[in-house]
Amino acid sequence: MGTTKILATMGPTLQTVEQVEEMIKRGVKQFRIHMGLRTRDFVGYYRNALNGAERMNEKIEVLLDLPSSRPRIDGMDEYTYTVNEYAYIYDRDEQVENINNYVNIPLPVFKNMISGIKAGDRVIFRDGHVVFIVESICENSILAKCVKADKWVKTGSSSCFPDSDIVFSPIDEIDIEYFRKMKDEGMCPDKVAISFASNKEQIEMVRKEFFKIWNNNKIKIICKIESKLGLRNIDELLDNSDGIMIARGDLLLCIAPYKLPKIQMELANICKSKKKILIIATEFFERYAESGIVNRAELSDVALAVRQNADSIMLARETGNSCYAYGCVEIINQIIESENK
């Protein structure tokens with residue numbers, strides 16, 4: 001059994017040089033920069049991670065997590081839907097066919113996705129808290145009925161299309177501009193993660209753009225498995241990349257919940273049989289991150305990932321936005337050490 005590492009996401013509670021130093025003191029040597037939150041200073045995060053490592057005389061790895069072209073709501077005031085309420089989900093830059101007094105949902109470049117959507121598909125917002133069922137398809141929009149609404153939606157809310165075979169673009173001009181800024185400061189990431197990885201063409205596109213910026217680079221490409229299409233094409237993705245991240249949050253929206261443990265085990269076995277990098281992600285210590293209280297199921301979840309020979313356990317909120325970030329890391333490292341004895 002190899003030694004599993006912690007991949008710590010940077011964010012409000014992990015962004016300064018001093019915070020990076022504290023994480024390194026607790027054994028963290030891998031840092032993730034989630035590039036989907038465009039209001040954050042990704043280059044500054046990267047710079048501080050390197051400066052913290054230099055001050056500690058430690059070598060670290062940095063993973064850039066690309067958001068893909070999956071759209072977030074853009075141009076909508078906060079609104080809470082009720083069950084059975086209708087809405088048009090439409091392309092933000094196009095005319096809606098029929099307003100009909102609905103509170104409609106604008107998504108960027110949505111018209112490019114409509115061909116991959118069919119009646120009866122789910123459209124999910126806010127990580128499963130708001131769910132619509134597609135009723136009909138129009139030229140630049142779809143009519144959908146709300147079937148679940150636990151929270152409000154507004155500009156910035158995430159979207160998910162779990163029943164639709166949509167292939168998202170893995171990289172855009174905003175990503176590329178950030179890469180150029182990083183290159184100008186002497187930065188070169190160790191890994192890059194492709195969100196909603198579906199086929200080898202996405203991998204080739206990212207690799208091509210990286211070679212334009214960093215000649216002869218050795219950047220490892222990680223495919224995030226978080227859709228049915230990614231699951232179906234797992235062999236193609238692994239054969240053309242350096243490894244996978246089992247992104248359990250969005251993946252859980254696409255499959256029956258009871259199947260997740262078995263799928264995680266199967267993906268881990270396939271990944272290791274091909275000698276590829278395995279990262280397991282999402283909500284390892286979510287309750288602890290909120291409350292500072294240890295949860296028995298979370299302890300077992302970490303131990304299972306170690307037993308499945310994960311190269312890294314990816315922590316998101318646990319390090320990036322929690323008052324208990326250091327505690328999360330300390331306990332998880334204790335579990336890893338215990339499992340490896």
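Two strands are taken to pair if DSSP finds at least two bridges between them, and on that basis β1 and strand β2 (residues 30–34) pair in the parallel sense over three bridges. The legends below describe close-up views of a predicted model.

**Figure 1. Strand β1 and its two partners in the predicted model.**
Strand β1 spans residues 5–9 and is mostly covered, with four of its five residues buried. Its pairing with β2 is parallel and rests on three bridges, and within it Leu7 has Gln30 of β2 as its bridge partner. Between these two strands the chain passes through helix α1 (residues 17–25), giving a β-α-β crossover that is right-handed. Strand β14 (residues 312–315) also pairs with β1 in the parallel sense, here over four bridges, and Ala8 stands opposite Leu315 of that strand.

**Figure 2. Helix α1 and the elements that cover it.**
The buried residues of α1 are Val17, Gln19, Val20, Glu21, Met23 and Ile24. An α-helix has 3.6 residues a turn, so residues three or four places apart point the same way. The cover over the buried residues of α1 includes strand β2 together with the helices α2 (42–56), α11 (317–320) and α12 (325–339). After α1 comes Gly27, which has a positive phi, near 95 degrees.

**Figure 3. Strand β10 between β3 and β11.**
Strand β10 (residues 191–194) is covered on both faces, since Lys191 and Ala193 are buried on one side, while Val192 and Ile194 are buried on the other. In a regular strand the side chains alternate between the two faces of the sheet. Strand β3 (residues 61–66) runs parallel to β10 and is joined to it by four bridges, with Lys191 of β10 as the bridge partner of Leu63. Four bridges likewise join β10 to strand β11 (residues 220–225), again in a parallel arrangement, and here Val192 has Ile221 of β11 as its bridge partner. On its way from β10 to β11 the chain goes through helix α4 (residues 200–213), and the resulting β-α-β crossover is right-handed.

**Figure 4. An open sheet of six strands with mixed pairing.**
The order of the strands across this open sheet is β5-β4-β8-β7-β6-β9. Its edges are formed by β5 (105–107) and β9 (159–160), each of which pairs on one side only. Strand β4 (residues 86–91) runs parallel to β5 and is joined to it by three bridges, and Tyr90 has Pro106 of β5 as its bridge partner.

**Figure 5. Ser158 in the loop between β8 and β9.**
Ser158 lies in the loop that connects β8 (141–149) with β9. Its relative accessible area is 9%, and because buried means under 20% relative accessible area, Ser158 counts as buried. When residues up to four places away in sequence are not counted, Ser158 touches Arg72, Ile124, Phe125, Arg126 and Asp127.

**Figure 6. Phe31 and the largest nonpolar core.**
The largest nonpolar core has 72 residues, and those with the most contacts inside it are Phe31, Ile33, Phe179, Met182 and Ile244. Helix α12 gives the most to this core, contributing seven residues. With its neighbours within four places in sequence left aside, Phe31 is in contact with residues including Leu7, Ala8, Met10 and Leu14; its further contacts include Val20, Met23 and Ile24, as well as Ile60, Glu61, Val62 and Leu63. Another core, of 24 residues, lies apart from the largest one, and among its members are Met76, Leu107, Ile142 and Ile166. In soluble globular proteins, nonpolar side chains tend to be buried together.

**Figure 7. The whole protein, as context for the close-up views.**
The protein contains 12 helices and 14 strands. Its radius of gyration is 20 Å, close to the 20 Å that the globule rule gives for 341 residues, so the protein is as compact as a globular protein of that length. Taken along the principal axes, the box filled by the C-alpha atoms is roughly 60 × 45 × 40 Å. Of the 341 residues, 52% count as buried, and the protein exposes about 15500 Å², of which carbon and sulfur atoms supply 46%. Among contacts with a separation of 6 or more, 72% are between residues 24 or more positions apart.

Methods:
Residues numbered from 1 in each chain as written. Predicted model: local features only at pLDDT ≥ 70, side-chain atom pairs only at ≥ 80, totals over all residues. Heavy atoms only, no water. Buried < 20%, exposed > 50% of the residue type's maximum accessible area, 1.4 Å probe, protein only. Right-handed = clockwise from strand over helix to strand, strands pointing away. Contact = heavy atoms within 4.5 Å. Core = buried A, V, L, I, M, F, W, Y, C linked by side-chain atoms within 4.5 Å. Rg over C-alpha atoms; globule rule 2.2 N^0.38 Å. Areas by Shrake-Rupley, 256 points an atom, 1.4 Å probe, with all protein chains shown as cover.
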